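I opened a new structure today and kept notes as I went. My plan was to start with the whole chain and then turn to single strands and residues.

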Amino acid sequence: QVQLVESGGGLVQPGGSLRLSCAASRSIFSRSTMGWYRQGPGKQRELVATITTVGTTNYADSGKGRFTISRDSAKNTVYLQMNSLKPEDTAVYYCNARMYDVFWRDYWGQGTQVTVSS
(Lines give C-alpha, C1' and ligand atoms only; values in the text may rest on other atoms or scores of the structure.)
Protein backbone atom coordinates (compact mmCIF):
# COMPACT_ATOMS: atom_id res chain seq x y z
CA GLN A 1 0.00 0.00 0.00
CA VAL A 2 1.39 3.35 -1.05
CA GLN A 3 1.56 5.82 1.76
CA LEU A 4 2.91 9.34 2.08
CA VAL A 5 2.78 10.89 5.53
CA GLU A 6 3.67 14.53 5.97
CA SER A 7 4.64 16.31 9.17
CA GLY A 8 6.25 19.53 10.32
CA GLY A 9 3.67 22.15 9.45
CA GLY A 10 2.53 24.82 11.85
CA LEU A 11 2.35 28.50 12.64
CA VAL A 12 5.50 30.58 12.21
CA GLN A 13 6.25 34.29 12.19
CA PRO A 14 7.45 36.03 9.03
CA GLY A 15 11.16 35.46 8.61
CA GLY A 16 11.01 32.18 10.48
CA SER A 17 11.82 28.65 9.38
CA LEU A 18 10.07 25.31 9.19
CA ARG A 19 11.11 21.87 8.00
CA LEU A 20 8.52 19.62 6.44
CA SER A 21 9.01 15.87 6.29
CA CYS A 22 7.31 13.24 4.18
CA ALA A 23 7.82 9.56 4.92
CA ALA A 24 7.06 7.33 1.97
CA SER A 25 6.51 3.66 1.43
CA ARG A 26 9.76 1.97 0.54
CA SER A 27 8.09 0.41 -2.47
CA ILE A 28 7.84 3.75 -4.23
CA PHE A 29 10.44 6.01 -2.66
CA SER A 30 13.46 4.56 -4.44
CA ARG A 31 11.70 4.72 -7.80
CA SER A 32 10.07 8.13 -7.53
CA THR A 33 10.78 11.73 -8.13
CA MET A 34 9.62 13.29 -4.88
CA GLY A 35 8.13 16.71 -4.67
CA TRP A 36 6.36 19.31 -2.62
CA TYR A 37 3.37 21.25 -3.86
CA ARG A 38 1.20 23.79 -2.11
CA GLN A 39 -2.27 25.22 -2.31
CA GLY A 40 -2.96 28.61 -0.80
CA PRO A 41 -6.39 29.97 0.06
CA GLY A 42 -8.38 30.47 -3.13
CA LYS A 43 -5.48 29.33 -5.28
CA GLN A 44 -4.64 26.35 -7.43
CA ARG A 45 -2.11 23.79 -6.32
CA GLU A 46 1.38 24.76 -7.44
CA LEU A 47 4.82 23.25 -7.57
CA VAL A 48 7.25 24.15 -4.81
CA ALA A 49 10.19 21.83 -5.46
CA THR A 50 11.11 18.38 -6.76
CA ILE A 51 14.04 16.04 -6.36
CA THR A 52 14.80 13.07 -8.60
CA THR A 53 16.09 9.68 -7.55
CA VAL A 54 19.64 10.83 -8.29
CA GLY A 55 19.27 14.10 -6.40
CA THR A 56 18.60 16.59 -9.17
CA THR A 57 16.49 19.40 -7.76
CA ASN A 58 14.08 21.87 -9.27
CA TYR A 59 12.47 24.85 -7.57
CA ALA A 60 9.67 27.22 -8.32
CA ASP A 61 10.86 30.82 -8.52
CA SER A 62 8.91 31.65 -5.37
CA GLY A 63 11.14 29.43 -3.25
CA LYS A 64 14.56 29.76 -4.88
CA GLY A 65 17.17 30.80 -2.38
CA ARG A 66 14.83 30.19 0.56
CA PHE A 67 13.69 26.57 0.27
CA THR A 68 15.80 23.42 0.09
CA ILE A 69 14.48 20.00 -0.85
CA SER A 70 16.42 16.88 0.11
CA ARG A 71 15.86 13.15 0.41
CA ASP A 72 17.18 10.46 2.74
CA SER A 73 17.11 7.03 1.16
CA ALA A 74 17.85 5.28 4.44
CA LYS A 75 14.68 6.75 5.93
CA ASN A 76 12.55 6.86 2.75
CA THR A 77 11.89 10.47 3.59
CA VAL A 78 11.90 13.72 1.68
CA TYR A 79 12.33 17.07 3.40
CA LEU A 80 11.56 20.67 2.61
CA GLN A 81 13.56 23.19 4.59
CA MET A 82 11.87 26.57 4.39
CA ASN A 83 13.68 29.69 5.54
CA SER A 84 12.81 33.38 5.47
CA LEU A 85 9.14 32.51 5.34
CA LYS A 86 6.66 35.10 4.09
CA PRO A 87 2.91 35.43 4.65
CA GLU A 88 2.39 34.47 1.01
CA ASP A 89 3.92 31.07 1.77
CA THR A 90 0.81 30.28 3.79
CA ALA A 91 -0.74 27.17 2.25
CA VAL A 92 -1.42 23.50 2.64
CA TYR A 93 1.73 21.70 1.56
CA TYR A 94 1.42 18.33 -0.13
CA CYS A 95 4.02 15.66 -0.66
CA ASN A 96 4.05 13.98 -4.06
CA ALA A 97 5.69 10.86 -5.43
CA ARG A 98 5.86 10.42 -9.19
CA MET A 99 7.04 7.18 -10.73
CA TYR A 100 6.84 5.34 -14.02
CA ASP A 101 5.42 1.83 -13.93
CA VAL A 102 3.79 1.01 -17.25
CA PHE A 103 2.45 4.51 -17.08
CA TRP A 104 3.10 7.59 -14.93
CA ARG A 105 1.68 7.37 -11.45
CA ASP A 106 1.21 10.17 -8.95
CA TYR A 107 0.74 9.63 -5.25
CA TRP A 108 -0.18 12.33 -2.75
CA GLY A 109 0.00 12.85 0.96
CA GLN A 110 -2.81 14.26 3.03
CA GLY A 111 -1.26 17.72 3.30
CA THR A 112 0.11 19.76 6.17
CA GLN A 113 -0.86 23.34 6.96
CA VAL A 114 1.79 26.05 7.03
CA THR A 115 0.69 29.44 8.30
CA VAL A 116 3.05 32.42 8.26
CA SER A 117 1.67 35.21 10.37
CA SER A 118 2.66 37.61 13.11
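These entries record what I looked up, in order.

**Ground rules.** I am working from a predicted model, in which local features need pLDDT of at least 70, side-chain atom pairs count only at pLDDT 80 or more, and totals for chains, interfaces and linings use all residues. I number residues from 1 along each chain as its sequence is written, and side-chain values use heavy atoms, with hydrogens and water left out.

**Overall fold.** I found one helix and eleven strands. I take both as DSSP runs numbered from the N terminus: helices are H or I with at least four residues, strands are E with at least two. From the N terminus the order reads β-β-β-α-β-β-β-β-β-β-β-β. The radius of gyration is 14 Å, close to the 13 Å from the globule rule for 118 residues, so the protein is as compact as a globular protein of that length. That radius is taken over C-alpha atoms, and the rule is 2.2 Å times the number of residues to the power 0.38. I noted a C-alpha box of roughly 45 × 25 × 25 Å along the principal axes.

**Cover and contacts.** I looked up burial next. Of the 118 residues, 42% count as buried. Buried means under 20% relative accessible area, exposed over 50%, and partly exposed in between, with a 1.4 Å probe and protein chains only. I then checked contacts, meaning heavy atoms within 4.5 Å. Among those with a separation of 6 or more, 53% join residues 24 or more positions apart.

**Strand β8.** Which strands pair with β8? I count two strands as paired if DSSP finds at least two bridges between them. Strand β3 (residues 18-24) pairs with β8 in the antiparallel sense over six bridges. Strand β7 (residues 67-72) also pairs with β8 in the antiparallel sense, over six bridges. I followed Gln81 in β8: Arg19 stands opposite Gln81, and Thr68 has Gln81 as its bridge partner too. Strand β8 (residues 77-82) is mostly covered, with five of its six residues buried.

**The β7-β8 hairpin.** I traced four residues between β7 and β8 in this hairpin. Asn76 in the turn has a positive phi of about 50°. Asp72 stands opposite Thr77 in β8.

**The faces of β7.** In a regular strand the side chains alternate between the two faces of the sheet. I saw this in β7: Phe67, Ile69 and Arg71 point to one face and are buried. Thr68, Ser70 and Asp72 point to the other face and are not buried.

**Thr50.** Is Thr50 buried or exposed? Thr50 counts as buried because its relative accessibility is 15%. I placed Thr50 in strand β5 (residues 46-51). Leaving out residues up to four places away in sequence, its contacts include Thr33, Tyr37, Asn58 and Ile69.

**Gly42.** I found Gly42 in the loop between β4 (33-39) and β5. Gly42 is exposed, with a relative accessible area of 88%. Gly42 and Arg31 are eleven residues apart in sequence and 33 Å apart in space, C-alpha to C-alpha.
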